[in-house]
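Me: Please take a close look at one part of this predicted model, the aromatic residues that come together, and then set that part beside the rest of the fold.

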Amino acid sequence: MTSTNYQYYILTKKHQFLEHVKAGRICYIREHRLRAELNSSHPLKKLPVFPMGLRAPLDYSIEISSMEELSVQEAELLQALSEDTERLKWFEQRHALKTALGLTVGTEVTVEEEGKKLRGIVRYVGRITEPAYPDVISGTFFGIELQGEDRKKGNTDGSFGYRTFFSCDRKCGIFAPFSRVRPLVPSSLSPTHPDPSPQPQSDELTPGDRVTYFINDTCRHGMVVDVQEKDGQHMVQISTDKDETGKTGGEVKVPLHMVAKGEVPAEPESMDIDEPPVQRDTDDQCMSLSVNSVVEVTLGAGNLHGIIRWMGILPNRSETMVGLELEEDKGVSDGTFRNERYFECPPKRALFVKLSSCRPDSRFQSFSDNHTEAMPMLKDKEEETEHNIGTLDPVLPLTTEQIHQFLIGRMKGIQGHCNSCYMDAALFSLFSCSSVLDSMLFKSTAPQDAPIQKTLLHDIVNPLRSKGFVDGRHIMKLRQLLQKHGYSHSFTTDEKDPEEFLIVIMHHILSLDPLLKLSAGGKVQESYCYQIFLDQNHSLLLPTVQQLLEHSFHSAGLKLAEVPSCLILQMPRFGKKFKMFDKIIPSLELDITDLLSEGPQQCMLCGKVAEQECADCFRDPVFSTTGFKVFCMSCSSKVHSHPQRRSHQPARLDIPKGYLGRGIPRALTRDKLELFAVLCIETSHYVSFVKHGPNSRDWIFFDSMADRQGERDGFNIPEVQACPEVGTYLEMTPAELASQVPRDMKGVAKRLFCDAYMYLYQSTSMCLYR
């Protein structure tokens, strides 16, 4: 969804209870949610809005009388101001905001810089940074090229960060919010909305410039010969590459407003990404192949896939030959030919064939052969039938038997492309062997978001569970849809955080109810993930996930308001590169009984109803490091009679009615969550571990770019492998595990214990299929 699918407000009064949300803060609500609120039968006095600038996407019920409506353009102008008080001040000066809406590219203005008014021309209007998650907009700035004697008094050449928004000489440009910009000529104050596409200026085109121009809505290319003014209109004389008849060469005169500097594609690239690849001429295919190309070859046994590891002339052969490393054990050697080694690979994986017998791997032909070309964009218009997902049958999560039948091996799992590992690992973790979040694949959603839901179910989840492989074009299709719907301009190119991707899908698109409800001070907060934070006084060295969660809840004064169906935990880290712990022990089960805000708790000593909780005992090394330290009154008195504990200050627990004075059977059912997946990160690359059975050795490891040498033109080769060695380390005592040197750990176990980033737990009673 784009920024226009929201209604924006500015707080004009400070909230009575929310200290961190002040007057001047921009808030937003999705339009379909607003319509639902307006159509409700009860009188509407409050709205559930999301304040901008908060770390978590939490909505707050705020009185309508405390807010004023904004257009998206007004909200973006005000968001460029950094302080709430400044934002409110300029909102109240409506004429300045109205004037700013009339400033367009080419307007002569003055801009305030260090107390001085400098003269310039607006060259750019728009955002210069992407919205900081979970915000849906960022501020609109004016890019101004300084003129005359004020040149060289700026601070930019038209670039900000790593992007260029307009071009000017060094220190001749300034980016400024509307509060510092005024039109030079009063007549330009008429409040018209700016054209978002900058119009070319006559002084920007010079003879020799390559340009794109339009005739009869057809896009063509050429070179500027001259720029002339005739009858008050600027005309550009262009030497054409091809004229309207298709003839090469010639000249044409085109109005300036129909000309754009530089070259853009003559027609937007588009394709139905579900169509089969176009076959090409065999000679062209061979010319494009080289060492490390991913290819296929047809033999009597069918198609074999592999990677070219060697290319050249073999003895007694005149044609060019290649040595392939196959994906399966269907070769004849380990890289040798007639007792001479040409490359190295596992036994029965090498095969030597003619280069002319090879062709590019058809599994990759959905992509452009040239990685420098842009990925094909989706069709702008999606048919209504594409929105109907009701006929799509669900495919059950993979069982242990199915995993061994068709999921283990190379070219298995989810094939990524161009920094998509965060998405590949997250989707594989969530859907390969668990159904806990399958409900979001079938819930009703807004029509404009239905294609994203359909792609997720039909093109990704179902193929993963039925075939064990998802073609990379479907991941790119999902990324294109997310980008097209305005969630980020870099979803198809840049690496993201899995949390950002998951919350965009669950919250912003599918409007899934928050997975987590936290109770703090009698108030309930909602979220989709929980970031573990620890106080500086913790004494943990080799913690379990259970210990980390309990310490984090205890230090923050949090409880669970209810048992979550899915609990997504982010491990404590300092950014992506710095880990707080060298190793973390996965807890295969999380006992959350003592973390719940409601229900009785057992005295940790006698099993009766607990009436007190002691924060000081929580850090006492005499007690077990796991579990909250709760006691009945009798045991609490005994524990705190010890001289070293007399200074402790136990707090009373809220006891449900009917339980006071009663014992709790020791067979009391405990509320537990089951670990089903772990996302890990190392050097900005995400992989995942998935637990698929009851045994501690029932683990698989997924890497969407397992063979980096085999990568060509950005095409990843994914792999899923069994990793029973993980169970060996899970069965060790903490002392034994602490003595393990990470680099000496077997297989991929080191990744799980040392690089864990996100743990995924599920309530088995709330899974759709079990």
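Reply: In this predicted model, one aromatic cluster is formed by Tyr124, Phe160, Phe165, Phe166 and Phe175. Two of its members, tyrosine 124 and phenylalanine 165, have ring centres 5.0 Å apart and planes at 45°, an angle that falls between the 30 degrees below which a pair is stacked and the 60 above which it is edge-to-face, so this pair is tilted. The pair links distant parts of the chain, since tyrosine 124 belongs to strand E7 (residues 116-126), whereas phenylalanine 165 sits 41 residues away in the loop between strand E10 (163-164) and strand E11 (173-176). Tyrosine 124 has a relative accessible area of 14%, under the 20% limit, and therefore counts as buried; phenylalanine 165, at 13%, is buried as well. A contrasting geometry is found in the aromatic pair of tyrosine 759 and tyrosine 761, which is stacked, with 6.5 Å from centre to centre and 20° between the planes. Both tyrosine 759 and tyrosine 761 are buried.

Turning to the sheet, 5 strands form an open arrangement in the order E4-E3-E2-E1-E5, with antiparallel pairing. Strand E4 (60-63) and strand E5 (67-70) stand at the edges with a single partner strand each, so one side of each has no neighbour in the sheet. From one strand to the next, the twist averages 50°. Strand E1 (residues 6-11) is joined to E5 by 4 bridges, the two strands running antiparallel, and within E5 it is glutamate 68 that stands opposite isoleucine 10.

Two helices lie across this sheet: H3 crosses E1, strand E2 (26-30) and E5, at about 100° to E1, while helix H11 (residues 498-509) crosses E1, E2 and strand E3 (46-51), at about 70° to E2. Helix H3 (84-92) is also one of the elements against which the buried residues of H4 pack, together with helix H2 (72-79), strand E8 (141-146) and strand E12 (181-183). Those buried residues of helix H4 (residues 94-101) are Ala96, Leu97, Thr99, Ala100 and Leu101.

As for confidence, the mean pLDDT of the protein is 78, and 76% of its residues reach 70 or more. Over residues 186-203, however, the pLDDT is below 50, although this stretch has 27 contacts in the model beyond near neighbours in sequence. The pLDDT also stays under 50 over residues 264-283, where the model has 28 contacts beyond four places in sequence. Where pLDDT is low, predicted coordinates should not be read in detail.

How values were computed
Residues are numbered from 1 along each chain as its sequence is written. This is a predicted model: local features need pLDDT of at least 70, side-chain atom pairs count only at pLDDT 80 or more; totals for chains, interfaces and linings use all residues. Side-chain values use heavy atoms; hydrogens and water are left out. Buried means under 20% relative accessible area, exposed over 50%, partly exposed in between (1.4 Å probe, protein chains only). Contact means heavy atoms within 4.5 Å. Two strands pair if DSSP finds at least two bridges between them. Axes are lines fitted to C-alpha atoms, for helices over the stretch in contact, and angles run from 0 to 180 degrees between N-to-C directions. pLDDT is the predictor's confidence in each residue, from 0 to 100. Rings of Phe, Tyr and Trp (its six-membered ring) pair if their centres lie within 6.5 Å; planes under 30 degrees apart count as stacked, over 60 as edge-to-face and the rest as tilted.
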